Amino acid sequence: MRSNHWVWGGLVASVWLMGCPSTDGHGGNPEPSSDSGTGPAPFLIKDINETIPQAAMPRQVVTAGGTTFFTATDATSGTELWRTDGTAEGTQLVKDLLPGPLSSSPFSLTDRAGTLFFFAQSILGSHTLWRSDGTPAGTEPVKDSLDPSSGLEQFGERLYFRSNDGHVLWESDGTPEGTRKALTFIGYQSEGSYWETKLNRLAGSVNGTLFLDVQRNTRSGTGSRSARELWLRADDGMTTEAWLILPPSTPSSTSGSDFAVVGDALFYRGLSDDGTIGLWRTDGTRAGTVRVRDVEPVALAAVGGTLFFRVDAGASGGTELWKSDGTEAGTVRVTTFPQSARPSELTAVGGTLFFRLDEGASGGAELWRSDGTEAGTVRVRAFPAGAFPSELTAMGGTLFFRLDEGASSGAEPWKSDGTEVGTVRLKDLEPGTTGSGPSGFEDAGGTLFFTAQTGASGPGVWKSDGTEAGTVLVRAFPWPTGDAFEAASTTPPPSAMLNGTLFFTARDETTGLALWKSDGTEAGTERVLDLSSGASFSSMLATERMLFFTTSIPGIPGTASLWKSDGTETGTAPVDSLAPALMGTSTSWSRVMDGIVVFQSSGRSSGRTELWRTDGTQEGTVLLTSRNLAMQPLASLDGVLLLTAPNSDNALELWRTDGTAEGTFQVKSFSHGARILVHSRRAGDEGLLFIVHDRASGPMLWRTDGTEAGTVLVKGFPMPGSEPTVVGGLMADVDGTVLFVLRGQNFDSVLWRTDGTEAGTVPLKAIWPGAPQQGQGQFTTSGGRLYFWTGTWDFNLWTSDGTEEGTVLLKGFDSGTPTYEPFVVMDGKVFFSASEGEAGRELWSTDGTEAGTRRVKDLAPGVAGSAVVPMSTWKGRLVLRATLPDNPRMPVLWISDGTEAGTVPLRKDDMGRMPYNPYAIFQVGSRLLFRATTPTTGYELWGLELPDPSPEDSSG
């Protein structure tokens, strides 16, 4: 009798259910424990891309209430909130908001009255507003289910942010009940007209009045119009709409530098009634709103009680630095620079303005300072061409900044006291040409915190007292590396198996995207060939002795070049090098057929399309037909490839090729506008059944053996019309009987059967309600039965053995059922993902009976479900992708023998890592390979070993 457990190296799998959960090692919450770590352990095949991406750096250094906070990534907790007191011991995780390696990715860290507020991703994918005093207990949610598009901004005693669509302004006093929608921006749409208002950004606050930069979009029969308006929101909540008109946005508008608060006035770039742009100021009253000067200000910045700004293409003909005290007489030009030299990053250090001049007289970027007079506006230091100062930050009376010196020494931290001799590198953290890439400078009560990366310590948090000796590493973090693969998507990257070796594409730290191969071991995972920079792979296939793949041609959009490879660098070359006539062509598709590859080439200059074949040799690369037709492969038929192509009269032609020029010819021509919708082989029949549809005749069932005489009409279905009446993609053989679905003009769907004859082509049963769902794997056969879905909102699972009485509805499911996901067959059962009631989307199986259609296991109890996707079978087990019970945003691999007890997730590897977001499974030798990610490795190639199942006698 078969047991519900497996034997793994002498130990029963159920022993793993008794394991204890581990903690993150930093005083945070334990990782997900329910059903976690009970399956086999995965292992990293190879960390292909070992570059450390900038995203791995600690970020967002902010001080609140005497505590310095930042975000950082480590292996056990992902990207979360951390704190530091400037010592290694005092640098620790505040709280793991999404337990385990999945990241909550806190952002917009903001100090409000000594308490830190920030957003973080929630377990359901939306965002939550949090507050923290730096302790786990004092880090608590304020409001969930938010969708912010901007960061938090504090004006007065309140925090503000806007929704992702700009239609809602939120405000918060830091409490759950005080976090609410402050203002909703509305729109209206009717026939021929449309208008909406939405919030661009918060402009500033003066004397309790909040200023809003609002966009108004209108469309009518006379055209479309978009305008910016300045709205006022008083402290009592009263809002005045369209109070002032603003000019169209400029590049500086995106950073909010169209506005600056100086004293009790908001200065802004405004628009007069005559349409001219000028410098304006307002105190929130009509009387206090005046046009200050007829200049077009850019990059407004407050330095003490003085406004500084830039005027591009001023009256002098150059770029001008201006200042203003709020009066016309006190708004004057300070100095003039050449047109191409623009002051940027205007930063106040005490009462002195510092700025970067992007292109000074020296030819490179320069650091300047100004006291508001022409004589006092001087160059502090010029930097070599290519060097670029940024992130200008004041601490005390000193300016700190990042200077990127390019290839000479990379980016390092610098400081300036306003003199040339006092403008020096703070410390060379990474000597050589790489640089440490410092970022996020923050003044924490006289101590400068920032993040940087060195070869010795990796990404880390640093601090400085402004001296070289006092610039030290506070804490280093693990080295998260770059992704060898793109994140999981609905279109997996190309791959193929050749002689037991997996070929795939990946990125590493030296060559970018390249062709790789793996035999399932680290030593056997190596790069085959680096392609041209900017090339991408679009397909990959293999014959018995050769790999073929297509890559884009850099600089020529929409093109592809066919390559061949024997698995070595010297044996990898473009196919067009084998035949001069292929030079300058692009490959639109390729198919394997009996040891050769048939492909279609298109001349990039001539526009001609031709059908070719190749076996990877010069002699075996020949033209099959020069007929200028855009062919598409239809199906393989015992050594023959069938193709379709519209001719110059838009009539559909059926072609065939056996890989020789003599065996490549037209088989049949169908009517104008006809197209083939579905096709299927029938067991015991050497031909192909297919349905052709045209507007005049409706669908028609045909059979072909690849010859003109053997291409015959089986049966016509008189349903003329412009709409397809065959449910595309649904046609399958069930032990010699081919089943397909026709949908009538009243949208009733009928299941038909055919044995390839007119008499044997008959309707089987009306399928109701709704038309069958279309997509991958939606017609699946197992054990002499067909399985398929019907429905539009709610879904029904059907089965048929090819008879009317054997065509039955097995079970109905909720609208959350992913009918686009494939069925997977194992041990005579069909496994699938479905949603029912309060259990959410979980793993189900059926044996073809109503009683045998049941949920295998509730992997993640609750309405959210586990979002399970059956992926493959391997060594008698089902391989699944599903979330863990206490983290519905972290899908991992599960293994199942089809029973509840035998359905378990993988456990962590020997380094405590749990790879998640798995996709693209491959069986290589005795190992299962898959792509997945962890916070420290990025998306890499992982492996899994599983012994053959050994049934355990239930009696012991």
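Two strands pair if DSSP finds at least two bridges between them, where strands (E, at least two residues) are DSSP runs, numbered from the N terminus. The model is predicted: local features need pLDDT of at least 70, side-chain atom pairs count only at pLDDT 80 or more, and totals for chains, interfaces and linings use all residues. Residues are numbered from 1 along each chain as its sequence is written, and side-chain values use heavy atoms, with hydrogens and water left out.

**Exercise 1.** Determine which residue of β71 stands opposite valine 830, and describe the pairing of β71 with β70 and β72.

*Solution.* Step 1: strand β70 (residues 829-835) runs antiparallel to β71, with six bridges between them. Step 2: within this pairing, valine 830 faces threonine 846 of β71. Step 3: five residues separate the two strands of the hairpin, and glycine 837 there adopts a positive phi near 55°. Step 4: β71 also pairs with strand β72 (residues 854-857), in the antiparallel sense over three bridges. Step 5: in β72, arginine 855 is the residue opposite tryptophan 844.

**Exercise 2.** Establish whether strand β71 is enclosed or open, using burial.

*Solution.* Step 1: buried means under 20% relative accessible area, exposed over 50%, and partly exposed in between (1.4 Å probe, protein chains only). Step 2: in β71 (residues 841-846), six of the six residues are buried, so the strand is largely enclosed by the rest of the structure. Step 3: Trp844 also belongs to one aromatic cluster with Trp789, Phe813, Phe823 and Phe832.

**Exercise 3.** Classify the aromatic pair of phenylalanine 717 and tryptophan 752, then that of phenylalanine 788 and tryptophan 798.

*Solution.* Step 1: rings of Phe, Tyr and Trp (its six-membered ring) pair if their centres lie within 6.5 Å; planes under 30 degrees apart count as stacked, over 60 as edge-to-face and the rest as tilted. Step 2: the whole structure contains 34 aromatic pairs. Step 3: phenylalanine 717 and tryptophan 752 are edge-to-face, at 4.9 Å centre to centre with 80° between the planes. Step 4: phenylalanine 717 is in the loop between β60 (712-716) and β61 (726-734) and tryptophan 752 is in strand β63 (residues 749-754), so their pair ties together parts 35 residues apart in sequence. Step 5: phenylalanine 717 and tryptophan 752 are both buried. Step 6: phenylalanine 788 and tryptophan 798 are stacked, at 6.4 Å centre to centre and 10° between the planes. Step 7: phenylalanine 788 lies in strand β66 (residues 785-791) and tryptophan 798 in strand β67 (residues 795-800), so this pair ties together parts ten residues apart in sequence.

Note on methods: Helix = DSSP H or I, 4+ residues; strand = E, 2+ residues; numbered from the N terminus.
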